[in-house]
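Welcome! Let us walk through a structure together, asking at each step how a label was earned.

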Amino acid sequence: MNTLRPASQSYAEDFVPEPEVVAAARERGEQLGATPVGAGTGATLQVLAAANAARTVVEIGTGAGVSGLWLLAGMPADGILTTIDIKAEHQRAAKHAYTAAGIAPARTRTITGNALEVLPRLADGAYDLVLVDGAKSQYPAYVEHALRIVRPGGVVAIDNMLWHDKVADPAARDETTVLLRDLSKQLREREDLVTALLPVGDGLLVCVKRP
């Protein structure tokens with residue numbers, strides 16, 4: 001590997017500065033034990049939302065609102081973020097972050113509950129972008145629902161798909177690593193998806209649902 005690669009990766013990760021309101025939400029997330037996405041991942045989500053002109057977005061795993069803030073920053077002014085988290089304290093922290101960022105209340109729909117109970121109630125093909133960032137053991141089920149509810153031409157983004165750099169290591173065979181490695185390969189082979197694994201943050205797998 002080029003000796004400058006780690007420096008380049010660090011430079012790219014922080015290339016888009018994290019706004020103060022996002023940094024504050026990050027701190028609250030870390031205090032709550034809800035690990036937020038990094039600046040590189042956040043900036044990528046913002047670009048994906050902007051490129052797709054995403055007006056309807058679903059987020060599985062609210063945390064303290066960090067990823068939601070990045071998504072909202074890339075969405076049109078009339079875009080609505082539906083965000084799901086099983087912990088009410090996470091939703092409260094996220095609402096605080098949205099208010100601090102000046103996000104109109106009508107632009108966010110926070111749902112407290114088990115995502116696998118909430119997602120079946122969401123309509124097929126009704127969303128422009130879905131972010132998956134919840135319990136890793138449930139990723140295959142989350143992704144199945146995400147691909148159902150996203151419209152043709154829409155985007156499904158899945159966080160933590162390099163899983164602490166273990167997915168790329170064939171010797172790493174713990175349950176979570178194997179699950180994520182297998183899931184990424186399954187999605188890569190699907191003919192109805194255009195897929196890329198981006199080495200930002202802890203790995204962001206991006207899938208576009210073919211029209």
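**How the labels are earned**

Q: How many of the 211 residues of the chain count as buried, as a percentage?
A: In this predicted model, 49% of the chain's 211 residues count as buried.

Q: Why is serine 67 called buried?
A: Its relative accessibility is 5%. The label applies under 20%, so serine 67 counts as buried.

Q: Where is serine 67 placed, and what is in contact with it?
A: Serine 67 lies in helix α4, which covers residues 66–74. Setting aside neighbours within four places in sequence, serine 67 is in contact with Val37, Leu45, Glu59, Gly61 and Leu131.

Q: What makes the pairing of the serine 67 and glutamate 59 side chains a polar contact?
A: The two side chains meet at 2.3 Å. The cut-off for such a pair of N or O atoms is 3.5 Å, so the pairing is a polar contact.

Q: What makes α4 a mostly covered helix?
A: Eight of its nine residues are buried. They are Val66, Ser67, Gly68, Leu69, Trp70, Leu71, Leu72 and Gly74.

Q: How do you know whether asparagine 160 is buried or exposed?
A: Asparagine 160 has a relative accessibility of 11%. Buried means under 20%, so asparagine 160 counts as buried. Its place is the loop between β5 (150–159) and α8 (175–189).

Q: Why is aspartate 165 called exposed or buried?
A: Its relative accessible area is 63%. Exposed means over 50%, so aspartate 165 is exposed. This residue, too, sits in the loop between β5 and α8.

Q: What is the sign of phi in asparagine 160 and in aspartate 165?
A: For asparagine 160, phi is near 65°, a positive value in a residue other than glycine. Aspartate 165 also has a positive phi, of about 65°, and is not a glycine.

Q: How do you know whether the radius of gyration of the chain agrees with that of a compact globule?
A: For 211 residues, a compact globule would have a radius near 17 Å. The chain has 16 Å, so the value agrees. Its C-alpha trace spans about 45 × 35 × 30 Å along the principal axes.

Q: Which helices and strands, by number, does the chain have, and what share of contacts joins residues at least 24 apart?
A: The chain has eight helices and seven strands. Among contacts between residues at least 6 apart in sequence, 67% join residues at least 24 apart.

Key. Residues are numbered from 1 along each chain as its sequence is written. This is a predicted model: local features need pLDDT of at least 70, side-chain atom pairs count only at pLDDT 80 or more; totals for chains, interfaces and linings use all residues. Side-chain values use heavy atoms; hydrogens and water are left out. Helices (H or I, at least four residues) and strands (E, at least two) are DSSP runs, numbered from the N terminus. Buried means under 20% relative accessible area, exposed over 50%, partly exposed in between (1.4 Å probe, protein chains only). A polar contact is a pair of N or O atoms within 3.5 Å; within protein, one must be able to donate a hydrogen and the other to accept it, and residues adjacent in sequence count only if both atoms are side-chain atoms. Contact means heavy atoms within 4.5 Å. The radius of gyration is taken over C-alpha atoms; the globule rule is 2.2 Å times the number of residues to the power 0.38.
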